[in-house]
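Here is a short walk through one protein model. Keep the sequence and the 3D view side by side as you read.

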Amino acid sequence: MELTRLAADAGQFINRAVQYTGENLGQADRTELDPGLEELLALADATKTCTDKIVSQTEVLLQPNPGSRFEDRLYEQLDWRIPSRPRAQESLGEQMIQAGLEMGPNTPYGKALLRCGEAQKQLGEAERKFVQSTNILFLTPLRNFTDAEYRSIQDERRMLLNKRLDLDIAKTRLKKAHEAESEATNLNMNPVETDYLSQVSFMFSFLRVRWLKMWAQEISQAEMELRICESLFRRQSEVTRQVVEGIGQTHTNHMQILTDFVEAQASYFDQCNQHTQDLQKHLASIPAVLLLQ
C-alpha cells in the first residue's frame, strides 16, 4: 500500500514537472491566476523583500561589528543565550575611570575623567536599553512576519501552484482524449483497399485505432478529473486569497511597531542629551584656577 502511494506521488510529481517545464518553454498552456490575487501576492513579496532589508540594516545599527552580529545569529540558531557584551561607550567609560584613578581622584583632571567615565557608562547603559527595546518591539515582530506569516503565504502559494498544474494537466489530457476520438472516427470512416500494402497499412491502422479508442475511453474519466481539479483549484485560490489578504493588516501592524521604534529612539536620544548636559554642567563647575594647575 505504501509503495503504491509512493509510486502515485512520484507519477504526480513527474507530471507536474513536465507541465511546468512545458509552460516555461512555451510548449504548454497555463491557467492564469486572478489578477487581484496576483497583485496581492506581488505585494506580499515586495513586503518580504523590504522587511528583510530593514531588519538587516537595523541589526547593523544596533551592532556595527559584523563578527559580533554573526556570533549572535549563531547563538540564536543554536538556541543558546547570547553573551552580554559591553557597549563601546561603556568600555570607554571604564578606561576614563581607570585613567582618572591613575591621575588622582582628588586632582581636577582626575575628577573630570571620573565624571566623564561615569557619564559614558550611563550613555552605554541607555544604549543597551534602546537595543533591547528595539529587538523586542521592532525586530521581533518584523522577523515574525518573515518567519511565520510570509512562510504561510508561501505554503499556500505552493499548494495553489500544484493545484493549477494539476488543472492544466487535466485540461491537456481531456484535449488529447477528444483529439484521439476524432482521429479514430476518421480512420474508421476511410475505406481500405485489398492489395498487400493496403493490408499492412490496415494492420497498422487497426492497431492505431485500438490505441486511439483507449484514449477515447478516457474522455469520461478525464472530464470527471477536470471537474475535480477545477473545484480544488478554486478552493485553493480562495484559501490563498484569504491568507494573502492579511497583508493589509500586516502593514498596519508594521506602522505601529515603526512608531514604537521611533518612540524608543526619541527616548534614548533624550536620555543621551540629558546625560551630556549634566556632564557639561559638572565640568563647567570645576574652578578654572584648578584646571590650570
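**A walk through the helices**

Tyrosine 268 has a relative accessibility of 13%, so it counts as buried. The model that shows this is a predicted one. Tyrosine 268 has an aromatic partner, phenylalanine 269. Their ring centres lie 5.5 Å apart, and the planes meet at 40°. The pair is tilted. Phenylalanine 269 is partly exposed, because its relative accessible area is 47%, and partly exposed covers the range between 20% and 50%.

Now step back to the whole chain. It holds nine helices and zero strands. Read from the N terminus, the order of elements is α-α-α-α-α-α-α-α-α. The chain has 293 residues, and 30% of them are buried. Take the contacts in the chain with a separation of 6 or more: 79% of these join residues 24 or more positions apart.

Return to the rings. How many aromatic pairs are there? The count is five. Ring pairs link Phe130, Phe138, Phe261, Tyr268 and Phe269 into a cluster. A pair of aromatic rings is described by the distance of the centres and the angle of the planes. For phenylalanine 130 and phenylalanine 261, the centres are 6.2 Å apart and the planes stand at 40°. This pair is therefore tilted, since tilted planes are neither under 30 degrees nor over 60 degrees apart.

Where do these two rings sit in the chain? Phenylalanine 130 belongs to helix α5, residues 108–189, and phenylalanine 261 to helix α8. The pair therefore ties together parts that are 131 residues apart in sequence. Are the two residues buried or exposed? Phenylalanine 130 is buried, at 7% relative accessibility. Phenylalanine 261 is buried as well, with a relative accessible area of 12%. Both values fit the rule, because buried means under 20%.

Helix α8 leads on to another neighbour. Two packed helices are described by the angle between their axes and the distance between the axes. Helix α2 spans residues 35–62, and helix α8 spans residues 247–284. Their axes come within 11 Å and cross at roughly 20°. That crossing makes α2 roughly parallel to α8, because angles under 35 degrees count as roughly parallel. The crossing is left-handed.

Which residues meet there? From α2 come Leu40, Leu43, Ala44, Thr47, Thr51 and Leu61. From α8 come Ile247, His251, His254 and Phe261. By class, this contact has six nonpolar residues, four polar ones and no charged ones. Phe261 thus has two roles, because it meets α2 and also pairs with phenylalanine 130 in α5.

Next, look at helix α7, residues 218–244, which contains glutamine 236. Glutamine 236 is buried, at 8% relative accessibility. What does glutamine 236 touch? Leaving aside residues up to four places away in sequence, its contacts are Glu156, Met159, Leu160 and Lys163.

End at helix α1, residues 2–24, where valine 18 lies. Valine 18 is exposed, with a relative accessible area of 56%. Its C-alpha is 9.7 Å from the C-alpha of leucine 165. In sequence, valine 18 and leucine 165 are 147 residues apart.

Notes: Residues numbered from 1 in each chain as written. Predicted model: local features only at pLDDT ≥ 70, side-chain atom pairs only at ≥ 80, totals over all residues. Heavy atoms only, no water. Axes fitted to C-alpha atoms, helices over the stretch in contact; angles between N-to-C directions. Helix = DSSP H or I, 4+ residues; strand = E, 2+ residues; numbered from the N terminus. Parallel < 35°, antiparallel > 145°, perpendicular 65-115°, else oblique. Left-handed = near helix turned anticlockwise from the far one by under 90°. Contact = heavy atoms within 4.5 Å. Nonpolar A, V, L, I, M, F, W, Y, C, P; charged D, E, K, R; others polar. Phe/Tyr/Trp six-rings, centres within 6.5 Å; stacked < 30°, edge-to-face > 60°. Buried < 20%, exposed > 50% of the residue type's maximum accessible area, 1.4 Å probe, protein only.
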